[in-house]
Amino acid sequence: MLSGGVWAVRHVTSDGHEENPPSEARPWIALHDDGTATGDYGCTPFRVKAEVKAASLTLGEDLEPLPAPSASPAAPVGGPGPCRPDGPDAEKELTDFEKKVREVLKGRLALSKERPYDETLVHLKNKRGDSITLAQARGESFFATRWKLAAVTVYDGYGPDFAAGDELYFDFHDNGEVSGKLGCNDFTADAIFSGLHVFFRDPVRTTHRTCGKQVMEEEASVLATLKKSLNYQYWAEPGGTSLSLNDDLAFPAIESGFLFSAMPRR
């Protein structure tokens, strides 16, 4: 159930009380073929031994944490945001939440799965009855899917349809690259995934074609946005039908980003 994807912590239940992550936290977990699990308790990364059986997951001793990608953009100074609590009360809330996640994830955990409202959820429950609910943020089919750029998003609104249509798409690769087409020209870039985040580095056109005015303007705008190296929180809907990227380092907080829809790779 858990292999081949990235799972976000939706909420933690401790002593019968259900708690959502604080606004500053980005907790997640992923299992790997080498018998380890990596993740983040909220704002503190971890890497541990992991043993998976038919209906249980056992997380063991701590291992040396994986380093963060060296190209990760720095968070803006000041103001609330990911891992930047806004005052002592928010900092205590984050610390308490991380402590609860750590406690639940110790030892053997029973696994169960459900699919409410077309969403994939997995519940991890320890012997005391405390639990963590995970939601799938990225599945096994993610890197085999071609993602058509459908719209630019700002707050809860959408920009106009792209004139380029199916000629504007991203192909993410599990080696840390992304390639595709910007409408008229092909492009490539580094796409560094870290938990629930992805950011882009060194996007460049790899062809030099000329198309209609509107398509070229759209292409220039998308390329300019990628060159900002914005840190995006991503979410790939279950079944691989849509993908959203939302700027996660903006201050003041402006929910802007991209919305993609899945299309077959030709």
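Q: How are helices and strands assigned here, and in which loop is aspartate 15 found?
A: Helices (H or I, at least four residues) and strands (E, at least two) are DSSP runs, numbered from the N terminus. This is a predicted model in which local features need pLDDT of at least 70 and side-chain atom pairs count only at pLDDT 80 or more, while totals for chains, interfaces and linings use all residues. Residues are numbered from 1 along each chain as its sequence is written, and side-chain values use heavy atoms, with hydrogens and water left out. Aspartate 15 is found in the loop between β1 (6-14) and β2 (17-19).

Q: Is aspartate 15, with its positive phi, buried or exposed?
A: Most residues other than glycine have a negative phi. Aspartate 15 has a phi near 55°, a positive value in a residue other than glycine. Buried means under 20% relative accessible area, exposed over 50%, and partly exposed in between (1.4 Å probe, protein chains only). With a relative accessible area of 73%, aspartate 15 is exposed.

Q: In which strand is the place of aspartate 202?
A: Phi of aspartate 202 is near 55°, again a positive value in a residue other than glycine. The relative accessible area of aspartate 202 is 54%, so this residue is exposed. Its place in the chain is in strand β15 (residues 197-205).

Q: How many strands are there in the protein chain, and what share of its residues count as buried?
A: The protein chain has two helices and 18 strands. Of its 266 residues, the share that count as buried is 44%.
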